[in-house]
Every structure is written in C-alpha cells, then in structure tokens.
Amino acid sequence: MKHWIAATAGLVGWMAMDLMSGGAPAAAQELLTEKKVFTLQSFTTQSGRTLKDVKVGWESYGTLNADKSNAVLICHFFSGNSHAAGKYDAKDAAPGYWDAIIGPGKAIDTNKYFVLSSDTLVNLNTGDPKTTTTGPASIDPDTGKPYALDFPVVTVGDFVNVQKALVESLGIKRLALVAGPSMGSLQTFEWAARYPEMVAKAMPVIGAGEADAQLIAWLDVWAAPIVVDPNWNKGDYYGKTPPNAGLAKALAVVTLQANHQDWANATFGRRAAKDGEDPAKALGNRFQVQSILDNAGEARAKVSDANHFLYLVKANQLFAAGGTSLTDAATKIKAPVLLITQPKDLVFTADAVDRTAETLKKGGVDVTHAHIQGSRGHLDGVISMKQAEGAIRAFLEK
C-alpha cells in the first residue's frame, strides 16, 4: 500500500506512472535525457494579453535528422510535465510516464524519431525542480511580484502556440506525429485543427475533441475545494499560508475520477483506514479508500500550486478543438488520427469519445479507433499503453 501511495502522490489525477503496473522495467531502461529551458521574450495569449519572459521546460529523445522531418511532439496530461520517457539519471526510481512506448525499438522508436516534449504554461508542478513554467506563481517583470490572479486566462491553444514556437526554434516545419494523453490529447486535437500543415499524423489518447457540459461541471467540482479554502484568499496567498488543504482535497477528487470503481473496490473494498477504528463507531473513523486518497493529495499538494490548478481547470473547460467547435475542427484536420481510448474512462466517457470519432469521420478525417483495457479507467491511457503498441506501430508505418 505504501508503494501505491508513493506512486500516486507523485503523479496524482490525470496521472503519469503507477509503480505497480505498466511501463518497461527500470533495469531495461537505456534512454537518458536532460531538462532544458525554452524562453520567449514576448508571448501574446489568445485573450490578447502580452507576457514577457515566458519560460517552459522541455526535453528530447533521439536525434533530429538532417532535413528535420522525423520530429514527434508529445503533449502532457493535466498534472504532468515534459517527462514523457527515459530518465534524467540512471539511478532515477522510474522513467517518464510513456516510457513503455517511447524509446529505442519501442512503438515510437527513438532510433528513428526525434521525440520532444515540453511543460505547459500554468503547469501544476511549481515545486518540482524539473519543471519550468510561467503562470500565476511566476514573478511579473513589471511589478516584481507574483502575478496571482492578474495572470491572464490561458487556453489549450496558448499551450500549443508556445510549443509551436519551441518547435520552430529547432528549425522543424512539420511534425511526423503529435500525441498525448488526457489534456495531452486536447493539445493534439488543437495542433491538428489549428496547424494542419504542420501535423502529419495525430494520436490523441483518452480524450475528446471538446469539453462537454458534463466535463465542464466535473472540472468545477475539482476546483471547488480550493476556492472554499480561506487561505486561497481570492488567489492572493503568495508569501502567506497557501491553500494546501483545499488543493489536497482537489487532487484527491481528481485521483478518484481518473481511476475506476473496479480498481477502488479491488484495492480497498470496505476496509477501515485503521485497525480497531470501525467507521460505524465514530464520525471521525474512516475507510481506507478515504485515507489513501487524502494522503496522496496531501503529498502532491506540497509541490503544486493552487492557482495553477485553477488556471488548468479553466483551460480544459474552455477547450474546443481549433478554438471553435469539434464540428468546425473536423473540417480543418488533415492528418489521419489514431484515437486510443479506454471504455471505462470516467473523465472522457465512452459516449463523449464516440461523439468525437463520429464527428471527425463526418468531417472527412481518417480515424482509426483503438481501445485499451484495464481496471484503472482513465489512468490506463498512461500506465497501460503497451497494449496499444501494435496499433501505434501500424499507424506510424502507414
């Protein structure tokens, strides 16, 4: 159980690596990478606000070929960062979240492809030294103080535009593949719709082409514990006590929805959190599932930022591929799409995914729809991706 806590605390919610399953064994890992920083002196958001000195971290695997035609972009999930594969040091406990499919001889073969990945704007992981991002916790060069809620609302389109600037700074004009899980799938759809001439193939995983009303409402539930925490103080908490109690509970909610009841029932059942403390005997006596989720949320909150969480929620609520609607985006996407989903997903549900596939097909997009299975629901799109290895290879070889 401690093993599970450590894994989930490190990558809560729309998660990366579960140390109990998925991925290649650490002993077989040969891919090493380093974290770099990309800087834009000036960046104008889709809302029209210009930001100075915008920074995001990035990393890469493999070698860019002479004509720069072998580049693959991986976009990360809600609570993730650029660490998609490999290790920073051979002694690292675990590789990046999609290491099962990215690396030498793997489905996305780094002997063939140059794979890059970047942190997004308003990245959640402000306390992680391997994450670089610009967001509400960053210092506004004009005031010398953190932006807090003066930071502009940003969109998935803004995430993509920063990535585009990074890609172009490397001299890359066209990407052989854009891919990513969860929020990474939203960025993938956005890339394909907004910059169709730059995307040869697209692989959105565990995601849909726009946020529907149900998802918008659920994202509000995710955010609610933060905004009712008195320490949030309308976003003005830098240099004061942060709203970590609310953030921890928000992360616990995300973790629960990113999993599935099959996993929860099999892992915890109705066991009490502590022996001798029957939940029926006192209001404060808890079930194990409650305690574990809270412990994971509390651990993760210590290296995360509440305002960044809220800005990520807003970006996901606003999402519609291409900035308008999925129907409109479907007429713009030129790349063939490999849509990989999990039928038990409780975040992007099967009906939402099916609507996405049908809408894309009606718009003339070449769609291949592959399914992965497991007891983890949404999280299987990260930890169980080796199941999709054959579908990915076939898609890339087309």
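This report walks through a strand, a helix, two buried residues and some salt bridges in the structure above. Keep in mind that the model is predicted.

**A covered strand**

Let's start with strand E6, which spans residues 114-118. The strand is mostly covered, and five of its five residues are buried. Phe114, Leu116 and Ser118 point one way from E6, while Val115 and Ser117 point the other way.

Which strands pair with E6? Strand E2 (residues 50-61) pairs with E6 in the antiparallel sense, over four bridges. Strand E3 (residues 71-74) pairs with E6 in the parallel sense, also over four bridges. You can pick out individual partners too: Trp58 stands opposite Ser118 in E6, and Leu73 has Leu116 in E6 as its bridge partner.

**A helix inside the structure**

Next, find helix H3, made of the twelve residues 183-194. From its first C-alpha to its last, H3 reaches 16 Å, close to the 16 Å expected at 1.5 Å a residue. Is H3 enclosed or open to the outside? Eleven of its twelve residues are buried, so H3 is largely enclosed by the rest of the structure. Among the buried residues are Gln187, Phe189 and Trp191.

**Two buried residues to look up**

Gln163 sits in helix H2 (residues 156-169). With a relative accessible area of 2%, which is under 20%, Gln163 counts as buried. What does Gln163 touch, leaving aside residues up to four places away in sequence? Its contacts are Leu73, Cys75, Ser118, Gln187 and Trp191. Gln163 and Ser118 are 45 residues apart along the chain, and their C-alpha atoms are separated by 7.1 Å. Two of the names in that contact list, Gln187 and Trp191, belong to the buried residues of H3.

Asn123 lies in the loop between E6 and H2. This residue is buried as well, with a relative accessible area of 1%. The side chains of Asn123 and His76 are joined by a polar contact of 3.2 Å. Setting aside residues up to four places away in sequence, Asn123 touches several residues, including Gly80, Thr131 and His308.

**Salt bridges across the chain**

Side chains of opposite charge can pair when their charged atoms come close. A search of the whole structure finds 16 salt bridges. Here are some of them, with the N to O distance and the separation along the chain.

| Pair | N to O distance | Apart in sequence |
|---|---|---|
| Lys35 and Asp119 | 3.1 Å | 84 residues |
| Arg49 and Asp150 | 3.3 Å | 101 residues |
| Asp262 and Lys344 | 2.6 Å | 82 residues |

The side chains of Lys35 and Asp119 meet in a salt bridge. Lys35 is in the loop between helix H1 and strand E1, and Asp119 is in the loop between E6 and H2, so the pair ties together parts that are 84 residues apart in sequence. Lys35 is buried at 18% relative accessible area, and Asp119 is buried at 2%.

Arg49 forms a salt bridge with Asp150. This pair links the loop between E1 and E2, home of Arg49, with the loop between E6 and H2, where Asp150 is found. Arg49 is partly exposed at 28%, and Asp150 is partly exposed at 45%.

Asp262 and Lys344 also meet in a salt bridge. Asp262 is in helix H6, and Lys344 is in the loop between strand E9 and helix H10. Both are partly exposed: Asp262 has a relative accessible area of 33%, and Lys344 has 31%. Elsewhere, salt bridges that share partners join Asp212, Asp351 and Arg355 into one network.

Key: Residues numbered from 1 in each chain as written. Predicted model: local features only at pLDDT ≥ 70, side-chain atom pairs only at ≥ 80, totals over all residues. Heavy atoms only, no water. Expected span 1.5 Å × (residues − 1). Buried < 20%, exposed > 50% of the residue type's maximum accessible area, 1.4 Å probe, protein only. Pairing = 2+ DSSP bridges. Contact = heavy atoms within 4.5 Å. Polar contact = N/O pair within 3.5 Å; in protein donor to acceptor, adjacent residues only side chain to side chain. Salt bridge = Lys/Arg side-chain N within 4 Å of Asp/Glu carboxyl O.
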